[in-house]
Amino acid sequence: MNELIEIKSIKAIPAKVEGLDFDKARAAIEDKLQVYSDMVVTDENTPSIKKIIAELRKESKDLNDIKIKIKKELTKNVTEMETEFKSLIGLYDNAVLPLDS
């Protein structure tokens, strides 16, 4: 197998995300959300609480969407590599199947 794929020549470079300060983001989010930690829901403030919940869920979804976008970009090469390897492995499967019947 080594003659088919020269393992020594394959170089995997780990993905690296730059420009994101997670500590700063965490501090900002925690600071923003601190306001809601002592909030009590009553019949009178239920409508405003529902608005707050909707806003927080939207912000959470927006943050998750950013994560998904970044992850998709980072894993693009891995996905392409997996597809290529599956194709190569499929060649063996196609050769073995008629012999194994």
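Guide: Buried means a relative accessible area under 20%, exposed means over 50%, and partly exposed covers what lies in between, with a 1.4 Å probe and protein chains only. This is a predicted model, in which local features need pLDDT of at least 70 and side-chain atom pairs count only at pLDDT 80 or more, whereas totals for chains, interfaces and linings use all residues. Residues are numbered from 1 along each chain as its sequence is written, and side-chain values use heavy atoms, with hydrogens and water left out.

Visitor: Why is Glu59 called partly exposed?
Guide: Its relative accessibility is 37%, a value between the 20% and 50% limits, so Glu59 counts as partly exposed. Lys32, also at 37%, falls in that class too.

Visitor: What makes Glu59 and Lys32 a salt bridge?
Guide: The term requires a side-chain nitrogen of Lys or Arg within 4 Å of a carboxyl oxygen of Asp or Glu. The closest N and O atoms of Glu59 and Lys32 are 2.6 Å apart, and the pair therefore qualifies. This salt bridge links distant parts of the chain, 27 residues apart, with Glu59 in helix H2 (residues 46-100) and Lys32 in helix H1 (residues 22-37); helices here are DSSP runs of H or I with at least four residues, numbered from the N terminus.

Visitor: How many salt bridges does this rule give?
Guide: The count comes to 4. Among them is Lys61 with Asp65, whose closest N and O atoms are 2.8 Å apart; both lie in H2, 4 residues apart, or about one turn of the helix, and Asp65 is partly exposed at 34%. Another one of them joins Glu18 to Lys16 at 3.7 Å, and both of these residues are exposed.

Visitor: How do you know that Asp21 caps the N-terminal end of H1?
Guide: Asp21 lies in the segment before H1, and one of its side-chain oxygens is 3.3 Å from the backbone nitrogen of Asp23. A polar contact needs a pair of N or O atoms within 3.5 Å, where, within protein, one must be able to donate a hydrogen and the other to accept it, and residues adjacent in sequence count only if both atoms are side-chain atoms. The 3.3 Å distance therefore falls within the limit. Asp21 itself is partly exposed, with a relative accessible area of 46%.

Visitor: What span is expected for H1, and how far does H1 reach?
Guide: The expected span of a helix is 1.5 Å times one less than its number of residues. H1 has 16 residues and reaches 22 Å from its first C-alpha to its last, close to the 22 Å expected.

Visitor: Which residues line the largest pocket?
Guide: The lining consists of Leu20, Asp21, Phe22, Ala25, Arg26, Ile29, Leu63, Ile66, Lys67, Ile70 and Lys71. H1 and H2 are the elements that give two or more residues to it, and H2 gives the most, with 5 residues.

Visitor: How is the lining of the largest pocket divided by class?
Guide: There are 7 nonpolar, no polar and 4 charged residues. Ala, Val, Leu, Ile, Met, Phe, Trp, Tyr, Cys and Pro count as nonpolar, Asp, Glu, Lys and Arg as charged, and the others, Gly among them, as polar.

Note on methods: 1 Å grid on protein atoms, 1.4 Å probe; cavity = no way out; pocket = protein on both sides within 12 Å on 5 of 7 lines; lining within 4 Å.
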